[in-house]
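Subject: Structure handover

Hello,

Here is the structure you are taking over. My notes on it follow below.

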Amino acid sequence: MQQSGNSMLWDAHGRAVLITGCDSGFGFHLAKRLDAMGFWVFAGCLLPKGEGAQLLAGTCSRRLKLIKLDVTKDDDVTQAKMFVQSNLPQKGLWAVVNNAGITDWAETEWNSVSDYYRLADVNLFGCIRTTIPFLPLIRSSKGRVVFMSSIFAFFNCLNMGSYSVSKRGMEAFADCLRVEMASFGVKVSLIQPGNFGPATNIVKEKTTQEIWDKLDENQQKMFNKEYIELANEYFSATCKEGLKDVNIVTDALVDALTSTKPKFRYLLVNRVDKVFFTMLPYLPTFLSDTIFSLSPMFSKRKMMLYSSGKI
C-alpha cells in the first residue's frame, strides 16, 4: 500500500477496472492513468477501431484491453462481461467506472420525448445496464462503483433540462446503490464536474437554423429567431470558457478508486463556484430561483420572449 496525504492507497497490481466511454475525454485519460499505475484496464469504447481507442491501445501496456461497449445495447454489455470474466487478473474486478455520457442543450419545449430518452438511455439507463451485471464481481473484491455525474444533477439551469433529468436520475440510482452496497464493503462515489467543455469536447454545437427548424409555428412565435441566436451564442461561449485541466477530474476519479475513505461526492468546480454550489442544496427554493433570475441571460430571455424581432 502507498501513502497519499491522509489516505492509504491500495496496491493496483492484480486488480482490474472497467471504464465505459474511453474513446475520448475523461475515460480516455483515466484509462491511461490507471494503466500507468499498474491496474488492468478494460477500456469500453463505442468504436474500438476508432482513432481514440487505437491511440489509447498504442500508448498503454498490454494490461489494457479494448472492449466494444455501447452502453445502450444489452448484447454489448453481456459480451463485455463475458470478456472481463475470461480475462480477470488474480485479484479480480476492483471497480466499474460509469463514464460514458452525452450531452445536449435546449429549452424544455424544444425537446421531444425522444430527445429526453436519447440522453437518458446513455446517461441513466446506460449506467444501470452496465452496473448491475458486474455487481457480483465487485462484491467479491469489496471494490468500487463510480459514476460520472454533473453539477446539473442538482443545479437548475436554462436549457439543460433533458441533461439534468438524466444526471439526477443517475444520482438517485447511485445513492440507493451506495446504501445497499455498504453492507458488502463496496464503496460508491459520484463525480460532479462543472464546466469542462474545452477539456472534453463533449458538447455538440448546433446552428440557429437547426434549432429553428425543429420548432412548430407556435413555438417559433414564442421563441423568436433572435432569441435562439442569442441562446446559441451564449451556450457556445460558456462551454468554451470552461476548465481545461482534465487532471482535476482524473485525480478525483483515482481518489474514488484508491482511497480507503473515498468521498460520496466529488464537486469539481473553481473556488468561487464551489462556495455557491456547496450552499445551493441548502437554500430555500424561492431564494435559489431568485438568485438565478438575477443572471443577465435570464433577464434578456424574459425581455425577448414574444418579441417579433427577426434576424
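Strands (E, at least two residues) and helices (H or I, at least four) are DSSP runs, numbered from the N terminus. The model is predicted, so local features need pLDDT of at least 70 and side-chain atom pairs count only at pLDDT 80 or more, while totals for chains, interfaces and linings use all residues. Residues are numbered from 1 along each chain as its sequence is written, and side-chain values use heavy atoms, with hydrogens and water left out.

Confidence: mean pLDDT (the predictor's confidence in each residue, from 0 to 100) is 90 for the chain, and 93% of its residues reach 70 or more. Over residues 1-6 pLDDT stays under 50.

The sheet: seven strands make an open, parallel sheet, ordered β5-β4-β3-β6-β7-β8-β9. Its edges are β5 (64-68) and β9 (265-268), each paired on one side only. Two strands pair if DSSP finds at least two bridges between them. β7 (residues 144-148) and β8 (residues 187-193) run parallel and are joined by five bridges. R144 stands opposite K187 in β8.

Q192: this residue also lies in strand β8. Q192 is buried (under 20% relative accessible area, 1.4 Å probe, protein chains only), at 5%. Its side chain makes a polar contact of 2.8 Å with that of E171; such a contact is a pair of N or O atoms within 3.5 Å, and within protein one must be able to donate a hydrogen and the other to accept it, with residues adjacent in sequence counting only if both atoms are side-chain atoms.

Regards

Conventions
Contact = heavy atoms within 4.5 Å. Buried < 20%, exposed > 50% of the residue type's maximum accessible area, 1.4 Å probe, protein only.
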